[in-house]
Amino acid sequence: MTLNDTIHRVTQRVIENSRDSRAAYLDLMQREADSRPDRRSVSCSNLAHAYAGTLHDQPELKSGELPNIGIVTSYNDMLSAHQPYGRYPERLKIYAREAGATAQVAGGTPAMCDGVTQGETGMELSLFSRDVIALSTGVALSHAVYDGALMLGICDKIVPGLLIGALRFGYLPTIFVPSGPMPTGIPNKEKQRVRQLYAEGKVGRDELLESELGSYHSPGTCTFYGTANSNQMMMELMGLHIPGAAFVQPGTKLRQALDRAAVHRVAAIGHKGDDYRPLARCVDENAIVNAAIGLLATGGSTNHAIHIPAMARAAGIRFDWDDLAELSHVVPLLARVYPNGAGDVNHFHEAGGMGYVIGELLEAGLAHRDVLTVSEGDLSRYAEEPGLDDDTLVWRDPGPSGNREMLRPVSDPFQADGGMRLVQGNLGRACFKSSAVEQERWTIEAPCRVFQTQREVAEAFKAGELDRDVVVVVRFQGPRANGMPELHKLTPVLGVLQDRGYRVALVTDGRMSGASGKVPAAIHCTPEALAGGPLARLRDGDVVRVCAVTGELSTNADLDAREPVPDPLPEAGTGRELFAMFRNFADGAEQGGSAMLATAGL
Ligand SMILES: O=C(O)[C@H](O)[C@@H](O)[C@H](O)[C@H](O)COP(=O)(O)O
Ligand code: SF4
């Protein structure tokens, strides 16, 4: 099947817009590769420092003949998703020895859980933690003694941060190693129901905690299709996983076989072999467009409207929301996973999962087959699903959808177009995740109430002031104002208002969680309110229109005739004062909201 025209056109535009920056990136990677032909060019005292801690592997390392793999781990056991990584390094080192290689933990990165910081001040560090992770990855790999890299990370900011960091060492072959979702707990919709009851004061804290623990109950990634699981989807579509590794649960034999395969594979695709697959060449314009296509076809997290442009920049590629919106016109919605549907990622995986989605997209000419992956060949391998035949890892055709409530073919999708729309007008440009919102709510026009904190919204709700058709505006939540927190704690409140029969929408320059949905929301509004953006000129009662059908985000108020309200002062506490440089130099959400990339001139 030939490639869809629109996808072809968008990709050509991305290539054209990236011509100079991509050439400069590839040139730098080539120079980096050429300047490190061999570890034996590193001085002996430097090497001795690198090897001193690796008692088992010193003889092999000394020979300088075997590939040495750097592991970058984001392990901590506060993130349920990352808890399984605690034991990974020792196992990965054993697998490396089997493959005639050595492995070292090159370094660790922080990893924060947005589930823990949701609605708290710690959330104001969250987006910038991606750049801290990229910097930490850079620090880890700056010890130039590696021939390949393995990235251990799953959750929201971690995968984008690892990828951004690793791309600056893109001459190394690099594989992402997920550790899989936790088993299904209580249905996510039930969890949401109890939250709404709590917001209305109808159940108490004990009942709420019981329900939350029924959902988040053991090690593994949380099972909603939020940012973490969207990351896993993207790594498949970019060909950076062992095919089908995304959603295999921790502690299973299959998981172990996939981890083992990742180590064997990264040892085989280094520059000394005859199948060199450096990260810089894997992540090209086709791969970035594929990531966006996957996001749209599966109704993935809105956070990736920020992360994809940021990841692309690290590879010298320019990708923006016009590209995303144009792709969204032609990429059908093939999956409905909570918050866009009832089932979770385990159900999605059982129904055919990523193998099915990628197979459908490739078959219909809706994704680039032609990408260099870390596996053999092109993206076709990712249309298969892994399994065990006795103890041998095999890949099979996933067959038809095992559950048409959550996974559908291109010939009969949930929606003819993708799950994300661009809305724009005199209030700026914003993202609207249409996949989670009922179509009759795609247009909301109502007088607005303007807030500057989530807490103020909750108070107005409790006081009954929001019991009407309303566009809730929460401003000064952009990257430069306060680090662009997720405002997911608004979901139960706005959900209750919607369920009471009101027409409600949210407009904000902040983010929502990948777990948010249901309520129409124009988010990541850019330019942000700080320093005079249009949201800073809105007043209570102005009529605001959000329309995902026509792509509008506007008000009938004469904004030009008004002065913006003054910027709030930055707040201190929970370490926020340390992040001033990230806030001060961050660029817009559409560019990735990154001070690191902006000041690096990338
Ligand atoms: O973007 C995301 O996917 C979120 O950051 C997610 O990781 C977060 O932790 C949720 O806010 C928790 O979701 P619940 O509200 O369902 O607990
Ligand atoms: S998926 Fe979200 S809530 Fe779950 S561990 Fe990761 S960051 Fe935390």
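Let's start at ligand 2, whose surroundings are made up of Ser 80, Ala 81, Cys 113, Asp 114, Gly 115, Cys 155, Asp 156, Cys 222 and Ala 228. Keep in mind as we go that this is a predicted model. Sorted by character, the shell around ligand 2 comes out as five nonpolar, two polar and two charged residues.

Two of those cysteines deserve a second look. UniProt, in an unreviewed entry, carries the annotation "binding site" for Cys 155 and Cys 222. They span 68 residues in sequence, yet no two of their C-alpha atoms are more than 9.3 Å apart, so they gather at one spot. As for where Cys 155 sits, look in the loop that runs between β3 (148–152) and α8 (158–167).

Now zoom out. The same kind of record, again an unreviewed UniProt entry, places "domain: Dihydroxy-acid/6-phosphogluconate dehydratase N-terminal" at residues 67–379. That stretch, residues 67–379, is 47% helix and 7% strand, with its end C-alpha atoms 26 Å apart. Further along, UniProt (unreviewed entry) lists "domain: Dihydroxy-acid/6-phosphogluconate dehydratase C-terminal" for residues 406–592. Residues 406–592 come out at 16% helix and 25% strand, and here the end C-alpha atoms lie 30 Å apart.

The domain assignment cuts the chain in another way. Domain 1 is pieced together from 5–35, 66–183 and 218–396, while domain 2 takes 36–65, domain 3 takes 184–217 and domain 4 takes 420–568. If you go from the centre of domain 2 to the centre of domain 3, taken over C-alpha atoms, you cover 53 Å.

Domain 4 covers 420–568, and a good strand to follow next is β9 (residues 443–451), which pairs with β13 (residues 543–547) in the antiparallel sense over five bridges. To get your bearings on that pairing, find Thr 443, which stands opposite Cys 547 in β13. β9 also pairs with β10 (residues 470–474), this time in the parallel sense and over four bridges. There, Val 450 faces you as the residue opposite Val 473 in β10.

The loops have some backbone details to check. Between β10 and α20 (479–482) lies Phe 476, whose phi is near 60 degrees, a positive value in a residue other than glycine. Then there's Pro 527, in the loop between β12 (521–526) and β13; the peptide bond leading into Pro 527 from Thr 526 is cis, with omega near 5 degrees. Another cis peptide bond joins Tyr 338 to Pro 339, with omega near 15 degrees. Pro 339 belongs to the loop between α16 (321–330) and α17 (345–350).

Finally, the rings. The structure holds six aromatic pairs, and ring pairs tie Phe 128, Phe 579 and Phe 582 into a cluster. Rings also meet charges: Arg 91 has its charged end over the ring of Tyr 88, 4.7 Å from the ring's centre. Arg 381 does likewise with Trp 395, its charged end sitting over the ring at 4.8 Å from the centre.

Methods
Residues are numbered from 1 along each chain as its sequence is written. Chains are lettered from A and ligands numbered from 1 in the order in which they are written. This is a predicted model: local features need pLDDT of at least 70, side-chain atom pairs count only at pLDDT 80 or more; totals for chains, interfaces and linings use all residues. Side-chain values use heavy atoms; hydrogens and water are left out. UniProt positions are given in the numbering used here, feature names are shortened, and annotations may be inferred rather than shown by experiment. Helices (H or I, at least four residues) and strands (E, at least two) are DSSP runs, numbered from the N terminus. Rings of Phe, Tyr and Trp (its six-membered ring) pair if their centres lie within 6.5 Å; planes under 30 degrees apart count as stacked, over 60 as edge-to-face and the rest as tilted. A charge sits over a ring if NZ of Lys or CZ of Arg is within 6 Å of the ring centre and within 35 degrees of the ring normal. A residue is near a molecule or strand if one of its heavy atoms lies within 4 Å of it. Ala, Val, Leu, Ile, Met, Phe, Trp, Tyr, Cys and Pro count as nonpolar, Asp, Glu, Lys and Arg as charged, and the others, Gly among them, as polar. Domain bounds come from an automatic or database domain assignment. Two strands pair if DSSP finds at least two bridges between them.
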